[in-house]
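Reader: I am new to this structure and would like a close look at a single part of it. Could you take me slowly through one strand and its surroundings?

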Amino acid sequence: MKTTFKKISLLVLFLVITINSSFAQYKQSELLFGVAYYDEYMPFDRLEQDIKMMKEAGINCVRIAESTWSTVEPQDNVFDFKHIDRVLDAMYKANIKVIIGTPTYAVPTWLVKKHPSVLATTANGQYQYGARQKMDITNEHFRLHAERVIRKIMEHVKDHPAIIGYQVDNETKHYDTAGDNVQKAFVASMKEKFTLDSLNSAFGLDYWSNRINNWDDFPSTVGSINASLNAEFSKFQRKLVTDFLAWQTAIIKEYAKPNQFVTHNFDLDWRGFSYGIQTDVNHFDAAKALDIAGVDIYHPTQDHLTGIEISFAGDLARSMKGGKNYFVIETEAQGFPQWVPYPGQLRLQAFSHLASGANMVAYWHWHSIHNSAETYWKGLLSHDFEPNPTYNEAKTIGKDFQRLSSKLINLKKKNDVALLFSNEAQTAFNNFEMVFKTKYNDVLRPYYDALFKMNVGVDFIDPSVTDFSGYKLIVVPVLYAAPDELLERLNAFVAKGGHIVYSFQSGSSNENVKVRSSIQPGIINKACGITYSQFTVPENVSLKDDPFNVGAENKIHTFMELIKPSTAKVLAYYDHPVWKDYAAITENIYGKGLATYVGAMTSEKLLEAVMKDVVKKAGLWDVKQNLAFPIITKDGINSEGKTIRYIMNYSDKSVEMKYPFSKGTELLTNQKISKDEQLTLAPWNVKIIEIEGK
């Protein structure tokens, strides 16, 4: 490359500092209810009719242009903005706000023909043209042409009054780029962090004669069998994403008005729906350059709607910017056939987003596409463009958003519980899936799910968060790789009176994925008061005497550590003829606090019971916890200083409950509600109560 990666990284660092010192002054006075809109996909001109239907549905914001590179620039340096212009002008006339997306996540055919190297080379070879998100985001030709199309669009639209903000790229990841240019840049970054001797020692490269004795001999990571090296390369790839988004943001900021924002739609790990922490992006780092964090949330509906994915992604997005409100830039209206919502579910989903702190709910997308890859990922409208039950329900949401914006916007949340996640631990742990028989998110999600189901509010923190003092309980699932300093800080949190719960394989290895040679679990032994040296795969194992009273769900599966207490109290022993003398779950008083250690994969019901015990001992059990899934309650403080409480029924049955909170007004019906009043929540229903007083 003509410009070295070191220079680019220094430039990006400067740009991030500059961007962070001059955040947009965007002041949001109303909730945004939006859709992605693609005039360029329409089989015929129906812009006026679409806008009429949008207005009827209360749609006040559209996102455009993020998929349009080949339309905007049909040939090299030939530009055509007619689709953008006609939509901008029409939306402005209709008083519908517009977010412009940069179109860089899907490259045009002429660019690939001119510069085939823009397609990323991965461990499986070079991508072929066709699908989106197959480019090398570091490639000099891609960067050159991406910058040009961004600047051309910005020069053209920057003064249009319909635009409230910009979205950089789309669900960006590193796309497994690992070609020669990326390998060279990675080696350069290693030279800045290590000497050859320290590198070989830190990563254990003497094994299988992998030792590197000359920087010029540094092999491609593509064939590596070394988990330390692989994890380091994954960290480097995540930084490529951080730098790429900061680079685009800096370009946009050259043109954007002070009252316009820059955002990005982060996505999550994908299991057919949004599931857990994204492996290929460091969300906290990448969000630093942005004014507002955005997130795409797709989740099961019908009989499988739980609200967990909505809450998980929302809590993560809110935490990316230290508690600031966020945008749901994409979520489903109809989506896949199995996602077509039951009556009432679209409303419940929309208000569920607001309950976690969202200031925008936007559907992907307005209309259903008539051909190509996502033909049957349906939008708010079906292929006939006619009103349908989902659209008609959206109309009620739009009206309520308009009517209640001043009450529901900018909801601020204060949580006593944090869940600590780590991209480094994730990639390290996943390197050993053949050993642990599970993956990082499969361990993390049950802890979050258990807290959600008992109505415990959660923030996400990662190792970059240094101040734990605002929390009473920190949940730490599978912190497999971590520096000494982080583990010592977690010990100090407990010593000062905090409560902590660790899952198995926490503290096992250092930041270089080198297993600690001390007795496991290493540094956190101080707080946990346990040791172990062996672990195994359980077969026909439960907990002795069913200590958490879960009956048939008293089960251990997948992985178990053979724990011996030193100062810890044993909460549960294994029930097995061979492993019966080993502890499965312990707790230990350390200083003024309490550390709980869960040494095995458990059934969901068993973990829920364990977490209930943890929450009670942390002094966090109150009237909210007397409610439980499918009744979910969330609350926060609105712009007027009033407490807003959401009560949601995630079930297909009516639920009778005694309202246990302070009196207030139910905002959807404008009815007064008193403490201890009997309430009926219809299936898939929500009540929103403004509490009297402050």
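Author: What follows is a look at strand E7, and then at another strand and a loop residue further along the chain.

The model is a predicted one, in which local features need pLDDT of at least 70 and side-chain atom pairs count only at pLDDT 80 or more, while totals for chains, interfaces and linings use all residues. Residues are numbered from 1 along each chain as its sequence is written, and side-chain values use heavy atoms, with hydrogens and water left out.

Strand E7 spans residues 261-266, where helices (H or I, at least four residues) and strands (E, at least two) are DSSP runs numbered from the N terminus. Six of the six residues of E7 are buried, a word that stands for under 20% relative accessible area, with exposed meaning over 50% and partly exposed lying in between (1.4 Å probe, protein chains only). In a regular strand the side chains alternate between the two faces of the sheet. In E7, Phe 261, Thr 263 and Asn 265 are on one side, with Val 262, His 264 and Phe 266 on the other, and both faces are covered.

E7 has pairing partners, two strands being paired if DSSP finds at least two bridges between them. With strand E6 (residues 163-167), E7 pairs in the parallel sense over three bridges, and Val 262 of E7 is the bridge partner of Tyr 166. With strand E10 (residues 292-297), E7 also pairs in the parallel sense, over four bridges, and here Phe 266 stands opposite Val 295.

Strand E15 (residues 473-476) can be read in a similar way: Leu 473 and Val 475 point one way, Ile 474 and Val 476 point the other way, and all are buried. E15 runs parallel to strand E13 (residues 417-420), joined to E13 by three bridges, and Leu 473 is the bridge partner of Val 417. E15 and E16 pair in the parallel sense over four bridges, with Ile 474 opposite Ile 500 in E16.

After E16 (499-503) comes a loop that leads to helix H18 (525-528), and Arg 516 is found in this loop. Arg 516 is buried, because its relative accessible area is 11%. A polar atom of the Arg 516 side chain lies 2.7 Å from the backbone oxygen of Ser 509. Not counting residues up to four places away in sequence, Arg 516 touches several residues, including Ala 482, Asp 484, Leu 487 and Ile 523, where contact means heavy atoms within 4.5 Å.

Note on methods. A polar contact is a pair of N or O atoms within 3.5 Å; within protein, one must be able to donate a hydrogen and the other to accept it, and residues adjacent in sequence count only if both atoms are side-chain atoms.
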